[in-house]
Amino acid sequence: MDNLLLLYQSIEYIESHLKEDITVKELSEVSRFSLYHFIRLFGSKTLFSPKDYMNRRKICEATKLLMTSEMSVLSIALEYGFNSPETFSRAFKRVHDISPMAYKTSNQSIVNLTEPLTLEYLSFIDRYGIIEPQPVTINDLNIYGFSILEDTFSHESMTRYTKHFNNDYVYMIQSPFKDQVLTCYGTEAMNDYFEIHMPDGKYAQFGPVSNYEALDHLSRYIKEVWLPRSGLKAVETEKQYFFISNEPQLGYFILLPLTF
Amino acid sequence: MEWRFEDVDEKLIIGMNYYGDPFSVGGAWSVDNAIGKLWQRFSAYLSKHSDQILHRVSLDESYECHVMDERFEDTGEYGIMVGVEVSRLNQQPVHLVSKVIPEKKYLVLILRGQEIVSDQQVFIDKILKENPEVSVDTRFFFEKYDKRFKGMHRIDESLVEIFIPLNDTDSHHG
């Protein structure tokens, strides 16, 4: 079995023991690596340390519970194996930069959550490693196109709608809208469809990646790995700007507006 | 993979250290992780102030020491020190820390190319199986780097020696 599959067994183990206090040693045994090698391998293949990933997964699920249930912070902390509300609060603040109580009362939407790593995402990281963006500046860019409201974003619809454009590049802008995803497709060329304005400023351009699935993984990488590590903040954490070439050989990009 | 048992005299190392999970800020075997950054920090110091390190034993050799305590199994955090060997610790720069590597018998793994980034425990287990009279102390080991190590970008041409201490009760073997 290759290293990635062995490592993935530890990811699955974390998911099935999320509410327990498990050690890194246990994870190494599940993956059948020595502890020392496991720590090195986990870091290189997931870009998280094992302990940090476990904490982020716990905080992710605890955050969902905090926002969707009437459970107290204490109950949620204990539910996910934190020894005290203070420990939970510190871990929560490290991830969300706000305390659990303040988060609950702030009506903020849930962002910056670490969902379980998938084997496909791990393969993506294995292939691309640490991805550094190119800084680009955008001045007064208007995109003309149309928008589609869907329950979830699908690659099929993206393929279908981007075919409407004959230009070299198609922009795709996604925003959450109630429980649905609003996706706007457009180009710089004028036509009869409605207009989207991309804010002026500095953007980080990620890519190219070779297909739509990789674009999904790249989006996750940016949110979960690159942004926290860079110390930069996205101007709008919920909106994503995709810059997609219609020429398959040029690949797909993501443009992220940043405050520097 | 070659290996040997070797009696190593006490070594005095001075350099810089780090405690934590070195891979929480960058993947393993990457210059961006905490170990890579520790080496960068120490190399920058050496390039500017090497004359301040007195009694240096070798200009070609440097060391990376790994020390695991009780937290290691729980959190994956441990101590790392990178440095060079000196014959005396007095009058050394205040910016550096020191470590005394104990005199004892070590199992020395000579790792080449991809062996350097593999699970070395596999090699250790195989050697211990062939030599059931010895056991290793897993709480500490050090790596010796010299001109035969060409850098992570030329790993296939590189060689590293890893020194794993034998438990004291086994020191009469070899």
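Read from the N terminus, chain B of this predicted model follows the pattern β-β-α-β-α-β-β-β-α-β-β. Its secondary structure thus consists of 3 helices and 8 strands. The C-alpha trace of chain B spans about 45 × 35 × 35 Å along its principal axes. A compact globule with 174 residues would have a radius of gyration near 16 Å, and the 16 Å found for chain B therefore agrees with that expectation. Of the 174 residues of chain B, 24% count as buried. Among the contacts in chain B with a separation of 6 or more, 74% are between residues 24 or more positions apart.

The 8 strands of chain B form an open sheet, with antiparallel pairing, in the order β1-β6-β8-β7-β3-β4-β2-β5. Its edge strands are β1 (2-8) and β5 (97-101) of chain B, each of which pairs on one side only. From one strand to the next, the twist averages 30 degrees. Strands of a sheet pair through backbone hydrogen bonds, either parallel or antiparallel. In the pairing of β1(B) with β6 (residues 104-112) of chain B, the sense is antiparallel and there are 7 bridges. Asp7(B) stands opposite Lys105(B) in β6(B).

Two helices of chain B can be placed relative to the sheet strands. Helix α1 (residues 34-49) of chain B lies across β2 (11-20) and β4 (78-86) of chain B, and runs at about 135 degrees to β2(B). Helix α3(B) lies across β1, β6 and β8 (159-165) of chain B, and its direction is at about 125 degrees to β6(B).

The contact between the chains takes 19 residues from chain A and 16 residues from chain B. On the side of chain B that touches chain A, α2 (71-75) and α3 (120-130) of chain B each supply at least two residues. The most is given by α2(B), with 3 residues. By class, this side of chain B has 8 polar, 5 charged and 3 nonpolar residues.

Within chain A, helices α1 (residues 3-16) and α3 (residues 35-46) pack at an angle of about 100 degrees, and their axes are 11 Å apart. Because of this angle, α1(A) is roughly perpendicular to α3(A). Asn3(A), Leu4(A) and Leu7(A) in α1(A) meet Leu41(A), Phe42(A) and Lys45(A) in α3(A). The residues of this helix contact divide into 4 nonpolar, 1 polar and 1 charged.

Terms used:
Residues numbered from 1 in each chain as written. Chains lettered and ligands numbered in written order. Predicted model: local features only at pLDDT ≥ 70, side-chain atom pairs only at ≥ 80, totals over all residues. Contact = placed C-beta atoms within 7 Å. Helix = DSSP H or I, 4+ residues; strand = E, 2+ residues; numbered from the N terminus. Nonpolar A, V, L, I, M, F, W, Y, C, P; charged D, E, K, R; others polar. Axes fitted to C-alpha atoms, helices over the stretch in contact; angles between N-to-C directions. Parallel < 35°, antiparallel > 145°, perpendicular 65-115°, else oblique. Rg over C-alpha atoms; globule rule 2.2 N^0.38 Å. Buried ≥ 20, exposed ≤ 12 C-beta atoms within 10 Å, placed from the backbone. Pairing = 2+ DSSP bridges.
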